[in-house]
Each structure stands twice: as C-alpha cells, then as structure tokens.
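Biologist: I'm new to this one, so could you show it to me and let me quiz you on the words you use?

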Amino acid sequence: MEEIQSQSDNYRSSSSSASSPASRVPSSNFFYLRKPGALRQPISFEDSPDWEEPDVEVRVEESGGGGGDSINTATTPISPSLSKLNSGSMPSPPLPEGAVVTRKIAGATMVWKDLTVTIKGKRKYSDRVIKSSNGYALPGTMTVIMGPGKSGKSTLLRALAGRLDDSAKTYGEVFMNGAKSKLQYGSYGFVERKNTLIGSLTVREFLYYSALLQLPGFFYQKKSVVEDAILAMSLGDYANKLIGGHCYMKGLPSGERRRVSIARELVMRPQVLFIDEPLYQLDSVSALLMMVTLKKLASTGCTLIFTIYQSSTEVFGLYDRICLLSNGNTLFFGETLACLQHFSNAGFPCPIMQSPSDHFLRAINTDFDRIIAMCKTWQDDNGDFSSVNMDTAIAIRTLEETYRSSADAAAVETMILRLTEREGPSLKSKGKANSATRIAVLTWRSLLIMSREWKYYWLRLILCMLLALCVGTAFSGLGHSLSSVATRVAAIFVFVSFASLLSIVGVPAQLKEVKVYGCEDSNQHSGGLVFLTGQLFASLPFLFLISISSSLVFYFLVGLRNDFSFMMYFVLNFFMCLLVNEGIVLVVATILQDMFWTISTLVFIHVMMMLSAGYFRIRSALPGPVWMFPISYISFHTYSIQGLLENEYDGASFAVGQVRTISGYQALHNVYDVSPDENSKWKNLMILSLMAFVYRVLVFLLLHFRVKKNSFLFRFVCCKIGMNDRR
C-alpha cells in the first residue's frame, strides 16, 4: 500500500499541475466538473420505484403545426443524477411541452448481485470474464457499461440479457422487478454491435416485415406500432428511403442505419432494451444525435442498458448511471458525476477541458503502458509527453480498493437490498406470430428482395441466357445422325455444368440472407424451418424462370427432339439441377460465412463434380484418379446429364447403312454409361429431388449449429471464419 500511496501522490501532484489554468496556454476557467473534494451526497432512494403506485398515461406532443411528431414520456421521478446534470453545464435535452394522456407507461427494474461469468480460455489472465459485479437499472434511465477493450462489457450485457453462449457459466443472481426470473419474449430487446439490415427494403418496409414476424394479430394492426417506432427513433425523414449498403452504392448514413437496428426491437415495445455499442462506427455528431434520441426513448419509461467504449463530454452528460469495468472487475457503479468524484478521491482528478470518458479509459487501459514506455525520452513544450507516470495496474488496484471502501459501494448494496425485498409486477411473455404467418411473411419479403436486387437472380438469368446462346450457337445444326451422338453429349454436358457454376453470382445475397436469419433467430423472430421454407418458396419462381428461358433457347438452337413431353422433361430436369445447386450454395455459405472462401469452395466443388462426371461417365474420356470415382455418385451433374441424355435418345433409332438400325440406347451406350431401363430418366429426376431435400435438411442442421456457435462441430468446420470478436 505504501507503493500505491506514493505513486498515487505523485500522480495527484502531476495531474493537478496539468489541470491548473496557469499551466495551460491560453488559460481557461471553463469547468465541466465539480472541483475535487467538493461535498456530495451518496446515491439516494428517491428514484427507487414504488410498485403500488398506479401507472399514469402521459403523451408529450410538440407544439407547432398539425400532425407534428409526438413522443411518450414517463412520470417516474427524476433521479438525483439527472437533476445534477440539468443544473450543471451538461444538461439533458429539454422535452417538448404539452402533456396529454394517451397510454400506459410500463417500466422494469433490473438488479444483478455478485454476478460472475466464467468462460474457459476467454481471457489469458483468467477464465473469469466478469468478477462479482453488482448493479441495477431503473425505468426511465440510461445505464452505461464502460471500459477499455477486452474488459468484459459485452459479456456483462449478454449475461444480463440471458444471451451468453453455452460454454459460459454464470454465477450470482439477476432480479427483474424484485423477482428471480428470466426475461420473457417481447419484454426485452437486444441490439447487436453490427447492423444486420436488408438494403433493398425501405425503412418502413423493413420495420413492417419485422413487426409481422414478431407480433401476433392482423396485418393492419402492425402499422401503428411501426409508425411509433419510426417516431421514437426520429426516422420520419428516412422512412421511405432504401436502407442500402449491400447491392446499392448509396444508402442511409451509418447513424440512421444504427437507428433502424434499434427501431426493429422497438416494435415489440420492450420494457428493457439492451444495446451493444450504440455509437459503433459513428462520428461525433451522429453519436450525439443517437444519444439524444435514446434519452428521449428512456423518457418513455423504457430501461436502457448499453455498452460504450468512449464518448464525448456532451454524450457523457446524458448518462444516468455508469458501470466502469477493467479486466472484468467493477471499478465503479453509480451516478456519472459520482464517478468523477470517485476518481478524484482516489487521486486521479479529471483535468480541465478533458472528456471524462477519455480520462477514465486513460487511467485504466493497460495499453497506455506501452505508449509511456515508448515516449519516455520524448518531450513537449510543457515537459513530459505524458502527465501520467503511474503504472496502470497500480491505478486499477487503487480505484478498485477505493470503491470497495467507499460510500458509493455501500449505497449500491443498500439499493439492491431495497429493490429486491419486494416483488413487483412480473414480466409476461408476449404472443408470437404463428409459423404459417411467418412463412408467408418471409416468402413475400424474400420475393421482394430477390426482385429488387439484380445480383440475386436477374444477373444470373442474363448470364444463363448468354451461355445458352453461346453453347447453342456453337453446337447448332447437328442433325440426328449417328455421328452427332458424341457431339450432342458434349453440348448438354457443357451447358449443365457451366450453368450450375453461375450460381456463385448469388453468393453475396445468400450470405446476407444467412446473416439476417442469424440476427432474427437470436431474437426469436424466426426459426430455421421457417427461414428455409420461406426462402425456398420465394426462389422457386426465379429458378423456374431461369430454367425455362435458358433451356428453351438451348433446346431449339441445338435442335433436340421436337416433342413437347421431351422438351418439358428437359426444363424440369434442369430446374431440379438448379434447385440442388441452390442447396449446395446455402450449405457452403452457412458453414463459411465469408464471401471469398465461399466462392472459392463452390468453384472447387463444381470443378470436382464436373471432372468426376466426365471421367467415369463419358467412356471416350481418359480414366481419372481412383479417388474421384465416389464423387461421380454424389455429383448432381451425373444424374442430371444422364437423365437428359436418356430423354434425348429414349425410343429413338439410327440407321446404320441401308439395312441395319440400332436403338438410341445402343448408340448412346457406346459413348456414355446409361441404363437400358425406360424409366431410368425418371429415377434420375427422383434422385435429384432427393438430393435437393437432403441439402435443405443439411442447411437446417447447420443453421442450428450456426446459432449455437460454441458447438464443437461448428468450430471445427468453420475454423472461426467470420465470427466477430467480442469485447
């Protein structure tokens, strides 16, 4: 302790000199904070909820022209932190005037006590990511979890929301409204760090389809919910604009895209909203607008809990409570201004004109030790390059020990005891849309997406038409002589093989579909079976359009058998070939979830299937390697090409000289390995149908593993490609 006290005194002296106006040019008397050592009161119980008070219906409307925007506001008493902030130089944004009674305000109180999260191998220093964390969040307030990278912010947020992976073990207690209960469906919303949106839909369309997936009832009942979410996130000016960002060069700015992600969860009107990094990849202006919007949302009675890495002084002034983490340890929990006083009491006062969040992270981020070591010999006009000459590990221990013995920690424990001594109203699960409705919604939404994104199927249709024209022109005018058998086989082989290879054009759209599914399934908005069924129904019209248009062009240019039944079999066979190929694309995209590796793997798979079908089915080709022999029996090229050839030569006869004739089977058998059975082509078609079904089942299983990322099979196959690093 003597070493800690001595270095703390050194830091206090250097920090005080650095923060004095005389040491700065120009001097300034502009203070964001209270002076160190100023008298303050510990956290009071004025903002503790009273379960016996009846709910009050309040609506706040902006004065002005008719039809102005409106927001809902809660009648929860203003917490001491808000009153202090409003009286200082960091005011909260004033709410509009004019209150009118409209609807009930429902809030939820969350308390966590001695919460510890253990993930084996998650951290090098320890397998305990969160260590005995205590805290609470009240209705109508914003509670922020702050800390440097790898401090456990997202892990604590996911532990509170009950969304940790299966490999994580949670110890401690979590209370909702004073009772030990899990969060029910519809009572909370969770927003991931990265946006997972559909760029080909407008904001209103995207939120409307999300509401249809989440809420029960009729379609027209969801419109008011969507409009409320648009107004709550101030998206009225962007409601009819495309989200963009995928197949479009232009789209919504990053700040508005982040608002859309939050609005998607607001359609359920949750009582608790968890947001992982709401300011992720936002500039200072967008960050301030985002936090003002969230402050407005919290005023409706919603409990907001989110993580944040760093913020400006203006944004910092909007927080109600802060939970400061470092290496999983809680260095402080309480009001924002109390955190400033806590750092001052520990010997780390915030310098003048410096952002509080910057000061906090500067003191507890171990990465700064490397910077200090590099800059020991550097000098600036005021002396040392860095005013901090204290080891970060010692600073963290000092802050932690100071907090444990402080009045703030005692006040938190007392508040937790007060909030858990009585049970409030339990959070009930809201109804879900049935599976039939979800399938219909996903089918219609996928149809709309596929029709708007030209890279999904339209580009593939154009390329298939060009392929059919090129191959058909190259092999046109073959006639029906015996010598044309081998050439006709080559034409069909080239057309089917390269048309299947063109499926890689839709890989970016398929990857986006899988990511959207992962986000919706984690929030229980969708399911694997519902997603696959809707995606299958939506793709059928486009796949059939591709098959019938390109097949007819190829069929008539090459001059195949002039009979309607044989022509329709050709179209149906090629359609099933495309359907099987679509399943292969979904399987690879679900496993890898990376565009480069997905496209490379698909090209490799198609080349191997094409070579295996050619080596072991076309007798005129040279024999291939032995290991390729089993691939020919799992290659859909084999059954598709064999069925098309049997369809072409079944029942046909060829004249050999003037007397002798041979059947189509005999003529084809000399070139290609086919079956003499007349029903063989229908058996090949059934095998293609079975392969399409098997691949869809495989996708369903992989989607299940994709949601449970900690399964051994998923980690072994994926090698963690595309998995986001969590802080």
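**Why we call it that**

Modeller: Let's start with Asn523, which counts as buried at 10% relative accessibility. Keep in mind that this is a predicted model.

Biologist: Why is Asn523 called buried?

Modeller: Buried means under 20% relative accessible area. Asn523 has 10% relative accessibility, so it counts as buried. You'll find Asn523 in the loop between helix H17 (507–522) and helix H18 (528–558).

Biologist: Which residues does Asn523 touch, leaving out those up to four places away in sequence?

Modeller: Asn523 touches Arg163, Tyr185, Phe190 and Glu265. A contact means heavy atoms within 4.5 Å.

Biologist: And Asn177: buried or exposed?

Modeller: Asn177 has a relative accessible area of 1%. The cut-off is under 20%, so Asn177 is buried. Asn177 belongs to the loop between strand E7 (169–176) and E8. Its phi is positive, about 55 degrees, although Asn177 is not a glycine.

Biologist: What makes Ser234 partly exposed?

Modeller: Buried is under 20%, exposed is over 50%, and partly exposed is in between. Ser234 has 38% relative accessibility, so it counts as partly exposed. Ser234 is in the loop between helix H5 (222–232) and helix H6 (254–266). Phi of Ser234 is positive too, near 55 degrees, and this residue is other than glycine.

Biologist: How do you know that helix H3 is mostly covered?

Modeller: Take helix H3 (residues 153–161) and look at its residues: nine of nine are buried. Among them are Lys153, Arg158 and Leu160. Gly162 follows H3, with a positive phi near 70 degrees.

Biologist: Can we zoom out? How many of the residues are buried, as a percentage of the protein?

Modeller: Buried residues are 52% of the 727 residues in the protein. The protein has 25 helices and 16 strands. It exposes about 32500 Å², and carbon and sulfur atoms supply 59% of that. As for contacts with a separation of 6 or more, 78% come from residues 24 or more positions apart.

Biologist: On to the sheets. What makes strand E5 and E7 edge strands?

Modeller: Three strands form an open, antiparallel sheet in the order E5-E4-E7. Strand E5 (128–137) and E7 each have a single partner strand, so one side of each is left without a neighbour in the sheet. The twist in this sheet averages 5 degrees from one strand to the next.

Biologist: How do you know that E4 and E5 pair?

Modeller: Two strands pair if there are at least two bridges between them. Strand E4 (residues 110–118) and E5 have six bridges, in the antiparallel sense, so they pass the cut-off. Within that pairing, Trp112 stands opposite Gly135 in E5.

Biologist: What packs on this sheet?

Modeller: H3 does, touching E4 and E5, with its direction about 120 degrees from that of E4. Helix H13 (residues 407–420) also packs on the sheet, touching E4, E5 and E7, and its direction makes about 65 degrees with that of E5.

Biologist: What is the strand order in the sheet of six strands?

Modeller: The order is E8-E9-E10-E6-E11-E12, in an open sheet with mixed pairing. Strand E8 (188–191) and strand E12 (329–335) are the edge strands, each pairing on one side only. From one strand to the next, the twist averages 15 degrees.

Biologist: What makes E8 and E9 a pair?

Modeller: The cut-off is at least two bridges. E8 is joined to strand E9 (residues 272–275) by four bridges, so the two count as a pair, and they run parallel. Phe190 stands opposite Phe274 in E9. Helix H9 (residues 336–345) packs on this sheet, touching strand E11 (321–326) and E12. Helix H10 (residues 356–364) packs there as well, touching strand E6 (142–146), E11 and E12.

Biologist: Which residues does UniProt list for "transmembrane region"?

Modeller: The unreviewed UniProt entry lists several spans under that name, including 529–558 and 685–705. In the model, residues 529–558 are 100% helix and 0% strand, with the end C-alpha atoms 41 Å apart. Residues 685–705 are also 100% helix and 0% strand, and there the end C-alpha atoms are 31 Å apart.

Definitions and conventions: Residues are numbered from 1 along each chain as its sequence is written. This is a predicted model: local features need pLDDT of at least 70, side-chain atom pairs count only at pLDDT 80 or more; totals for chains, interfaces and linings use all residues. Side-chain values use heavy atoms; hydrogens and water are left out. Buried means under 20% relative accessible area, exposed over 50%, partly exposed in between (1.4 Å probe, protein chains only). Accessible areas come from the Shrake-Rupley method with a 1.4 Å probe; for residues, only the protein chains shown count as cover. Axes are lines fitted to C-alpha atoms, for helices over the stretch in contact, and angles run from 0 to 180 degrees between N-to-C directions. UniProt positions are given in the numbering used here, feature names are shortened, and annotations may be inferred rather than shown by experiment.
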